[in-house]
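Me: I have a model on my screen and would like to understand the words people use for it. Could you take me through them one at a time?

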Amino acid sequence: MRSGIFSQGTRTTRWAATAAAMAMTGLLAGCGSGDGGSDGGTITAYVYGDDSVKIQQAAVDSFNKTSEVKIKLVSVPGTDYVNKLRSAMGSPNAPDVFYNWGGGSIKPYVEAKQLVDLTDTVKNDPALKNGFIPSIMTAGGLDGKVYGVPMRGMQPVMLFYNKTLFEKHGLQAPKTWADLQKAITTFKDAGITPFALGGSDKWPELMWMEYLLDRIGGPEVFQKIQSGDTDAWGDPAVLKTAQTVKQLIDDGAFGKNFNSVDYGNGGAPTLLNKGKAAMHLMGSWEYSTQLGKAPEFAEKDLGWTTFPTVDGGVGDPANIVGNPTNYWSVNSRTKHKDAAIEFLKTMASKEYAQALVDNGDVPTTSNAASMLSGSPNPQFATDQYEMVQKAPSFTLSWDQALETQYATPLLTEISKLFAGKTTPEKFVEAMKAAQ
């Protein structure tokens, strides 16, 4: 597959969110070294095994040249990662450092006091404090504390659209809800599905809920939910979000067959690049998906913008949702805490950021802007970087921010809402009752 702004490996991190929300069988034995993950002068680091591992391996090789404590990178296949990490962290062979998604993905380890609290370390170290976009660092933590350092590219959800269709019908990219409704009506009248949506995969529907709740009620509503306040599902903004989704469906915004359209096998992206759908709300990896499937369309006709405002909403229109990035966290039982933190500091270096850019990623470091001219699509990379840099809030994807016992029923209830098998009111009650 041709390389785009995001490599196949980086897009795979989104699929890991699904894996994190599933109860999988066949736990594998941990492969870290003994006694809390250390063996003499060695640190074991678990990383999600995909095409981006080469960047982390190069960083490890560079670190090992000057450090007395050496790092051993263990690449775990993506489909096995969540369960293998869970198994290893409960054994004497736990890794010293490990890759994660922040939020709910680390909550069990935080509660078990298995992670090093990095809050003061980041606050007192200029390389870490000033090295990353603040909203990215915050998004990976819990309860206002920092437990991880960013180590891969950013992945915000963006509104993609077919520029040729918009020009043909005299429309501009929607900035307001009125703009959006006008586009829906215009494209429906022309026999074009307004929005492609891979409903059979469930998680693409989640993106609509995330942005609508943010625009209607602000990020604070979900922050309460993430902190464990299930009663916050009863906030009026949640009901308004579910009602807005139902209205979009009733208005035909997603067509009639979206529940049988997938994303993983290219169904939704193909609707967009073939001109059968005008818009697609999707993670920023959509660019490289389109570049691989329809390079001419990606280069000439693919446009992108932010999610529009919603009438009466209190959320800042600059807020974004999605996957801020992935993080390195440190096991509290490591024998080499100082060395592990020194390794984490290298993630803020210009050399590491440049390696991410060369791989088609957009780094989360503060110094990344000047490097993006070398990206496969500099304009897309720059727009994406500025979107994240200027965002007052970056809400982590709900199915990653919440623990499995909440994320699993959430995806089920959202799927039922989109399929018309439940009502907005019943959706709210079901989520308030989730345990």
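Reply: Happy to, and do keep in mind that this is a predicted model. A good place to start is an open sheet of five strands, ordered β2-β1-β3-β10-β4, in which the pairing is mixed.

Me: What makes β2 and β4 the edge strands?

Reply: Strands β2 (70–77) and β4 (149–150) each pair on one side only.

Me: How do you know that β3 pairs with β1 and with β10?

Reply: Two strands pair if there are at least two bridges between them. Strand β1 (residues 42–49) is joined to β3 by two bridges, and the two run parallel. Strand β10 (residues 327–330) is joined to β3 by four bridges, this time antiparallel. Both counts reach the cut-off, so both are pairs. You can find the partners on screen: Y46 is opposite F98, A45 has V97 as its bridge partner, and Y99 is opposite W328 in β10.

Me: Which way do the side chains of β3 point, and are they buried or exposed?

Reply: From β3 (residues 97–100), V97 and Y99 point one way, F98 and N100 point the other way, and all are buried. In a regular strand, side chains alternate between the two faces of the sheet.

Me: How do you know that helix α17 packs on the sheet?

Reply: Helix α17 (residues 337–345) touches β1, β2, β3, β4 and β10. Its direction makes about 170° with that of β10.

Me: Why is strand β7 called largely enclosed?

Reply: Buried means under 20% relative accessible area. Seven of the seven residues of β7 (residues 277–283) are buried, so the rest of the structure largely encloses this strand. Strand β5 (residues 155–162) pairs with β7 in the antiparallel sense over five bridges, with L159 opposite L281. Strand β6 (residues 193–196) pairs with β7 in the parallel sense over three bridges, and there A196 has H280 as its bridge partner.

Me: Why is E403 called buried?

Reply: The relative accessible area of E403 is 14%. The cut-off is under 20%, so E403 counts as buried. This residue sits in the loop between α20 (398–401) and α21 (404–418). Leaving out residues up to four places away in sequence, E403 touches G104, K107, P108 and E111.

Me: Which residues have the most contacts inside the largest nonpolar core?

Reply: They are F254, M279, F418 and F427, in a core of 94 residues. Helix α11 (residues 203–217) gives the most to this core, with nine residues. As for F427, its contacts beyond four places in sequence are M209, W233, V238, A242, L410, E413, I414 and T422. A second, separate core has 51 residues, including V60, V76, Y109 and L115. In soluble globular proteins, nonpolar side chains tend to be buried together.

Me: What makes the whole protein as compact as a globular one?

Reply: The protein has 22 helices and eleven strands. Its radius of gyration is 21 Å, and the globule rule gives 22 Å for 435 residues; the two values are close, so the protein is as compact as a globular protein of that length. Of the 435 residues, 59% count as buried. Among contacts between residues at least 6 apart in sequence, 79% join residues at least 24 apart.

How values were computed: Residues numbered from 1 in each chain as written. Predicted model: local features only at pLDDT ≥ 70, side-chain atom pairs only at ≥ 80, totals over all residues. Heavy atoms only, no water. Buried < 20%, exposed > 50% of the residue type's maximum accessible area, 1.4 Å probe, protein only. Core = buried A, V, L, I, M, F, W, Y, C linked by side-chain atoms within 4.5 Å. Contact = heavy atoms within 4.5 Å. Rg over C-alpha atoms; globule rule 2.2 N^0.38 Å. Axes fitted to C-alpha atoms, helices over the stretch in contact; angles between N-to-C directions.
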